[in-house]
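Here is a short round of questions on the pockets, cavities and surface of one protein. Keep the structure open beside the text.

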Amino acid sequence: MTSAPELPHPFFTHMGMPEGVGVYSLRVGGRASRGVDPAMGGRTSDVFFHFETGLTKLIGVHVRNDQFRTMPRTEVMFQFLALRSRDGMAGFAPIIEFEIPTRSEGGSRINTLTGFTAAVTRPRVAFNTALHFNPREDMMDYSAGWVVAAGRRLFPVVELLGTAGRGMAPGMRLLGGLKVPLTERILIGFAVQVPVTTRRDFGSQMVFGPDFDWSTRRNAAAMGN
């Protein structure tokens, strides 16, 4: 009997539980967007990255910017595992997040956000979700992602991502994509993202990029014990 393949991360949704100590993950890629009205043109592009690792058995850290060219702040999030199932396949983690200016347009203030992440994982399907709340601006963003193993080399991904807040129309986007392993530690992903609410920041968006996963020798040896 062959074991189930290890499931990859979603494209943009935070993992619901911290990575193990000595385990590292890096998602990078590009986003190519078409304007709301194709007749008006308006094609734009951007890049994203998301690095994560475990600091302790209960604390994880994420460093992320989903629109590095246009977003002058980068998110540094600490994840504190509060609940975990007996089999380790589900959990809940409160978070504290700091939005740190990375360019002059971001000003000098460091914004502090709160929220939570959660996960439910099975051998062939994983669900992760995250909610971030900014009390200073009275707004939140949220996401949920499903990853399914359709064989050993095909991983369909579906995500819902949205924002809501005081004085703004809520927006939600649907992403559908596929991740395929190139090597044991490198995957490549392709996805399409479209708005599903009346608020439309773009008409459609193509997402492309690799995932890198690795672990230190010390952690690999510990996992083998």
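Q: In the second largest pocket of this predicted model, how many lining residues are nonpolar, polar and charged?
A: Sort the lining by class. Charged residues number 14, and nonpolar ones 11. Polar residues number 16. The split is 11 nonpolar, 16 polar and 14 charged.

Q: How much space lies in the second largest pocket, and which residues are closest to its centre?
A: The space in the second largest pocket is about 1,000 Å³. Its lining has 41 residues. The closest to the centre are Asp66, Gln67, Met71, Thr163 and Arg173.

Q: Which strand gives the largest share of the lining of the second largest pocket?
A: Look for the element with the largest share of that lining. It supplies 5 residues and spans residues 139–148. That is strand 9.

Q: How many cavities of 30 Å³ or more are found, and how much space lies in the largest cavity?
A: The search covers the whole structure and finds 2 cavities of 30 Å³ or more. The space in the largest cavity is about 50 Å³.

Q: Which strand gives the largest share of the lining of the largest cavity?
A: The lining of the largest cavity includes Thr163, Pro195 and Phe202. Gly171, Met172 and Arg173 are also among the lining residues. By class, the lining divides into 3 nonpolar, 3 polar and 4 charged residues. The largest share is 3 residues, from residues 168–181, strand 11.

Q: Which strand gives the most to the lining of the second largest cavity?
A: The second largest cavity has a volume of about 30 Å³. Its lining includes Arg27, Val28, Gly209, Pro210 and Asp211. Strand 1 (23–34) and strand 13 (204–215) each supply at least two lining residues. The most, 3 residues, comes from strand 13.

Q: How many residues in the lining of the second largest cavity are nonpolar, polar and charged?
A: Pro10, Phe11, Phe48 and Lys179 are among the lining residues. Charged residues number 3. The full division is 5 nonpolar, 1 polar and 3 charged.

Q: What is the area of the nonpolar surface patch that Val194 helps make?
A: Val194 sits in strand 12 (residues 186–195). Its partners in the patch are Trp146, Val158, Leu174, Val192, Val196 and Met206. The patch area is about 540 Å².

Q: Why is Val194 classed as partly exposed?
A: Partly exposed lies between buried, under 20% relative accessible area, and exposed, over 50%. Val194 falls in between because its relative accessible area is 30%.

Terms used. Residues numbered from 1 in each chain as written. Predicted model: local features only at pLDDT ≥ 70, side-chain atom pairs only at ≥ 80, totals over all residues. Heavy atoms only, no water. 1 Å grid on protein atoms, 1.4 Å probe; cavity = no way out; pocket = protein on both sides within 12 Å on 5 of 7 lines; lining within 4 Å. Points joined across faces, edges and corners; volume = space filled by probe spheres on them. Helix = DSSP H or I, 4+ residues; strand = E, 2+ residues; numbered from the N terminus. Nonpolar A, V, L, I, M, F, W, Y, C, P; charged D, E, K, R; others polar. Patch = residues over 30% accessible without salt bridge, like charges linked within 9 Å, V, L, I, M, F, W, Y side chains within 5 Å. Areas by Shrake-Rupley, 256 points an atom, 1.4 Å probe, with all protein chains shown as cover. Salt bridge = Lys/Arg side-chain N within 4 Å of Asp/Glu carboxyl O. Buried < 20%, exposed > 50% of the residue type's maximum accessible area, 1.4 Å probe, protein only.
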